Amino acid sequence: MKVWALHLAVLAGLAVAQMVLPPYHANNLARIMVLAVYAMGYNIAFGYAGLLSLGHALLFGAGMYGTGLLVHHAGLAALPALIAGTCAGAGMAALVGLLALRTAGVSFMIVTLMFAQVGFLTILYFNGFTGGDEGIALNAPQRQILGADMTQDTARFWAALALFGVALGSKLLLVQSRFGRVMLAMRENEERSRMLGFNPYVVKLKILVISGLYAGAAGAAYALLFGYFGASFASVQYSILPMLYVLMGGAGTVLGPLLGAGLMFYLVDFASSLTSAYLMVVGAALVVLVLFAPKGILGTIRERWLKWLP
Amino acid sequence: MAFGPYLLLALMEGLVKAAVLALTAVGLSLVFGVMRVVNVAHGAFFMLGAVLAWTVAQYVPGPPALAWMVAIVVAPLVVGTIAAATDTLVLKRLNYDPEATIVATIGLLYILEQAALSFFGPDARPVTAPFTLRLQLPWFGFSGYKLFVILATLLILLAVWWFMSRTKAGLVMRATQVDRQTARAFGINVDRVYAGVFALGAGLAAVAAVLLVPISQAHYLMGGDPLLLSFIVVIIGGLGSLRGTLVAALIIGLSDGVISMFWSPTLAKIIATAAVAMVLVFRPQGLFGARA
């Protein structure tokens with residue numbers, strides 16, 4: 001009960017923030033929520049099941065390009081395209097998982113990194129169709145979801161919040177379900193869970209597909225809400241960012257990705273106002289986190305004070 | 001130009017690529033072999049070597065050859081020192097946990113690239129070759145410096161081989177690679193060995209970069225390709241094997257040279273990356289040893 005009350009309060013807080021905050025910050029918040037959905041997907045694989053992937057940009061990109069290309073080239077309406085993009089993320093995750101899950105640990109990291117690199121280079125190679133580095137901008141008529149105009153700040157915020165709310169609720173259900181416990185078992189002791197009758201390969205594949213659903217939905221929503229998609233969103237950097245968010249917020253916590261995405265977003269925003277070297281901040285944050293706070297903010301809070309935090 | 005000479009040119013260019021790649025990859029392979037650390041910042045060390053070569057060339061007066069000779073000594077030393085410091089300050093504290101070290105070296109990669117961008121700027125800068133000699137073949141001219149790169153690489157690889165298999169320091173490194181605990185029990189200072197290996201690996205990348213930079217250019221983002229290709233070479237060639245690394249570098253360098261001359265470089269990279277990912281998936285034991 002306590003758990004649901006906390007998460008509903010967070011959603012309510014976000015809704016209030018939209019009314020209180022000036023447009024600039026409300027817009028940032030919309031972006032943060034979409035990125036947080038992406039990071040939640042990453043967290044399901046990394047935080048709960050211990051699958052450290054360096055190639056999630058491929059799944060984010062699949063969602064983004066699945067939606068963007070359908071809207072741009074096939075003239076599909078935004079909502080079906082959004083669903084198609086989400087499925088593209090899951091489908092790509094299944095494809096990658098079938099192959100990459102034959103490996104584990106460091107090999108898994110490198111294989112996922114390489115698959116993502118192949119995807120990124122493929123986007124560049126077919127630049128006539130995908131827009132390559134420059135990307136493609138979507139215009140206003142292409143960005144109407146159920147009559148709501150995504151070029152308007154307010155509509156965009158509510159769309160982001162709706163997506164985030166659905167993602168947060170289903171993640172909470174997922175981690176508290178029986179399958180959620182199996183996920184943790186995979187992370188903690190794979191051999192033992194195999195002994196108990198679970199097939200690690202199948203369980204991990206399911207986890208990766210769920211993770212892909214989240215990443216795909218985030219990518220698809222990003223394209224529609226912010227009206228642009230380009231190859232940089234499928235680059236290595238977009239595989240690293242969700243990892244950074246999750247590490248900072250707390251791996252294996254439900255709210256960690258939102259906290260991490262928000263903090264990192266404003267850290268980078270603040271740093272770019274001081275210096276152009278904002279990537280330095282990203283790099284330093286990675287090193288400091290992994291050295292001094294491997295559990296992240298919410299992970300540490302949970303360990304010390306709030307044991308019930310999911 | 002007819003097909004034959006064209007292919008010859010592609011192969012010669014490929015050989016130069018293979019040489020630089022072999023040097024870079026041997027450094028990566030050494031670090032992974034001895035320390036079990038996947039160093040994602042290896043490409044950044046490479047980039048740092050090239051940028052330092054340019055910086056040295058700005059401050060050393062006189063003929064380009066002199067500046068180049070200073071660079072080939074100074075750049076690996078500076079890069080090696082940075083690497084050793086990283087090892088002591090960061091990697092050692094992580095107990096060389098494989099996943100944590102990867103995250104930390106990704107962070108290091110960003111820090112180094114950004115530092116290069118801030119101090120060096122976003123432009124690609126040329127470095128003058130130490131000598132200009134043009135070999136005139138019947139069909140085309142070929143830079144003598146490129147041949148020198150191939151030759152120098154062979155010498156350096158020989159030196160690395162001799163160091164690892166014939167000297168006491170090499171023996172200590174190999175002993176640490178086989179069994180860290182036992183090596184420690186025999187009085188080997190494992191911390192120092194690790195710092196040394198990490199510095200040596202980074203230094204080799206810097207040497208490769210100084211050799212390459214007169215043919216190519218120094219740029220703060222130039223580390224991406226060498227990193228990816230070195231990974232590929234190390235994975236195909238097998239862990240810790242100098243010969244395997246050399247053979248794999250030859251295969252990758254030559255095929256990269258040929259494919260990118262006849263088709264597009266992007267396509268060459270797509271094919272190579274996908275193929276290697278498949279190798280990792282289906283033959284992991286030959287790549288990261290028993291620990292796959």
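In this predicted model, 46% of the 292 residues of chain B count as buried. Chain A comes out at 52% buried, out of 310 residues. Those two figures are a handy way into the structure, so here is each chain in turn, starting with chain B.

Chain B is built from eleven helices and two strands. Read from the N terminus, its elements go α-α-α-α-β-β-α-α-α-α-α-α-α, with the strand pair sitting between a run of helices on either side. How does its overall size fit its length? For 292 residues, a compact globule should have a radius of gyration near 19 Å, and chain B has 19 Å, so the two agree. Its C-alpha atoms take up a box of roughly 60 × 50 × 35 Å along the principal axes. Among contacts in chain B with a separation of 6 or more, 76% join residues 24 or more positions apart.

Chain A has 14 helices and four strands. Here too the globule rule works out: 310 residues call for a radius of gyration near 19 Å, and chain A has 19 Å, which agrees. Along the principal axes, its C-alpha trace spans about 55 × 45 × 40 Å. As for its contacts with a separation of 6 or more, 77% are between residues 24 or more positions apart.

One helix of chain A worth following is α2(A), which covers residues 23–48. With 26 residues at 1.5 Å apiece, α2(A) should span 38 Å, and its end C-alpha atoms are 35 Å apart, which agrees. The helix isn't straight throughout, though: α2(A) bends by about 35° at Y42(A). Is α2(A) largely enclosed or left open? Of its 26 residues, 19 are buried, so the rest of the structure largely encloses it. Just after α2(A) comes G50(A), with a positive phi of about 75°.

Further along chain A, V209(A) gives a close-up of packing between distant parts of the sequence. This residue lies in helix α10, residues 200–226 of chain A. V209(A) counts as buried because it has 21 C-beta neighbours inside 10 Å, where the cut-off is 20 or more. Which residues does V209(A) touch, leaving aside its neighbours within four places in sequence? They are A90(A), A93(A), A94(A) and G97(A). The C-alpha atoms of V209(A) and M92(A) are 8.2 Å apart, although 117 residues separate the two along the chain.

Note on methods. Residues numbered from 1 in each chain as written. Chains lettered and ligands numbered in written order. Predicted model: local features only at pLDDT ≥ 70, side-chain atom pairs only at ≥ 80, totals over all residues. Rg over C-alpha atoms; globule rule 2.2 N^0.38 Å. Buried ≥ 20, exposed ≤ 12 C-beta atoms within 10 Å, placed from the backbone. Contact = placed C-beta atoms within 7 Å. Expected span 1.5 Å × (residues − 1). Bend = angle between axes of the 7 residues up to and from the residue.
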